[in-house]
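Hi everyone, thanks for making time this morning. I'd like to walk you through a protein model, starting with the whole fold and then stopping at a few residues.

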Amino acid sequence: MSLQSVKEHLEKFHRAQDILVFDKISATVEQAAEALNVHPARIAKTLSFKDKEGNGLLIVTAGDAKIDNQKFRNQFNMKAKMLNADEVEEQTGHPVGGVCPFGLAKDLKVYLDQSLQRFSTVFPACGHDHSAIELTCHELEEYSSTIAWVDVSKGWDQDVSEAGTEEKTSISFY
């Protein structure tokens with residue numbers, strides 16, 4: 001169902017046919033990077049937090065970025081508290097490992113972290129732990145109805161940019 005909701009969402013942008021489905025699991029940054037044969041930093045991971053009202057708030061970061069708690073507190077005026085697996089699925093409609101900012105079960109606020117901006121394209125999941133799509137940062141912003149770009153991460157390597165090859169193996173188009 002989750003992959004289907006993402007497909008329906010991306011159909012509005014004529015991109016549903018570009019969803020990649022892998023023969024192997026792509027639930028973690030490392031697994032997705034291996035399935036796509038790209039540098040892990042190019043995986044756009046979607047992290048799920050609770051907002052002040054207890055609703056989901058999504059932040060999409062580069063695969064090599066980690067949330068900086070102080071930056072998060074400064075940006076959102078609250079402590080970073082992640083949703084548990086049940087809350088993630090209830091709020092997003094996607095299982096952990098396939099969470100993305102598309103085809104959401106609820107109208108959630110989506111933010112993109114500046115760690116993504118060093119890449120011309122990135123690879124978010126598509127609602128399933130064997131899926132992804134290659135998007136420009138502009139497309140990711142548009143398709144996810146992003147509220148804003150934020151700086152809430154740390155640990156990412158500014159020197160890593162278009163690393164990795166574009167060759168994709170073990171992939172079928174949805």
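**A walk through the model**

Let's start with how the chain folds back on itself: of the contacts between residues at least 6 apart in sequence, 69% join residues at least 24 apart. Please keep in mind that this is a predicted model.

Now the overall make-up. The protein has 5 helices and 11 strands. Its radius of gyration is 15 Å, close to the 16 Å that the globule rule gives for 174 residues, so the protein is as compact as a globular protein of that length. If you draw a box along the principal axes, the C-alpha atoms fill roughly 40 × 40 × 25 Å.

What share of the 174 residues is buried? The figure is 51%. As for the outside, the protein exposes about 8300 Å², and carbon and sulfur atoms supply 47% of that area. On charge, there are 18 positive and 27 negative ones, and their mean positions are 7 Å apart.

Let's zoom in on glutamine 91. You'll find this residue in helix 4, which covers residues 85–92. Is glutamine 91 buried or exposed? Its relative accessibility is 5%, and the cut-off for buried is under 20%, so glutamine 91 counts as buried. What does its side chain reach? The partner is the backbone nitrogen of glycine 56, at 2.8 Å. Setting aside neighbours within four places in sequence, glutamine 91 is in contact with Gly54, Asn55 and Gly56, and also with Leu83, Ala105, Lys106 and Leu108.

My next stop is serine 144. This one sits in the loop between helix 5 (137–143) and strand 9 (148–150). With a relative accessible area of 5%, serine 144 is buried. Which backbone atoms does its side chain meet? A polar atom of the serine 144 side chain lies 2.6 Å from the backbone oxygen of leucine 140, and the side chain also reaches the backbone oxygen of glutamate 141 at 3.4 Å. Beyond the neighbours within four places in sequence, serine 144 is in contact with Pro101, Phe102, Val110 and Leu112.

Now have a look at both ends of helix 3, residues 69–76. At its start, a side-chain oxygen of aspartate 68 comes to within 3.0 Å of the backbone nitrogen of glutamine 70. After the helix comes asparagine 77, with a positive phi near 55 degrees.

That brings me to two other residues with positive phi. Histidine 14 is not a glycine, yet its phi is positive, near 60 degrees. Histidine 14 lies in the loop between helix 1 (2–11) and strand 1 (20–22). How accessible is histidine 14? The relative accessible area is 58%, so histidine 14 is exposed.

Then there is asparagine 37, also not a glycine, with a positive phi of about 60 degrees. Its place is the loop between helix 2 (29–36) and strand 2 (43–50). At 34% relative accessibility, asparagine 37 counts as partly exposed.

To recap the close-ups: glutamine 91 is buried in the model, serine 144 is buried as well, histidine 14 is exposed, and asparagine 37 is partly exposed. Thanks for listening, and I'm happy to go back to any of these spots on the screen.

Technical notes:
Residues numbered from 1 in each chain as written. Predicted model: local features only at pLDDT ≥ 70, side-chain atom pairs only at ≥ 80, totals over all residues. Heavy atoms only, no water. Helix = DSSP H or I, 4+ residues; strand = E, 2+ residues; numbered from the N terminus. Buried < 20%, exposed > 50% of the residue type's maximum accessible area, 1.4 Å probe, protein only. Polar contact = N/O pair within 3.5 Å; in protein donor to acceptor, adjacent residues only side chain to side chain. Contact = heavy atoms within 4.5 Å. Rg over C-alpha atoms; globule rule 2.2 N^0.38 Å. Areas by Shrake-Rupley, 256 points an atom, 1.4 Å probe, with all protein chains shown as cover. Lys, Arg positive; Asp, Glu negative; His and termini not counted. Charge placed at Lys NZ, Arg CZ, Asp CG, Glu CD.
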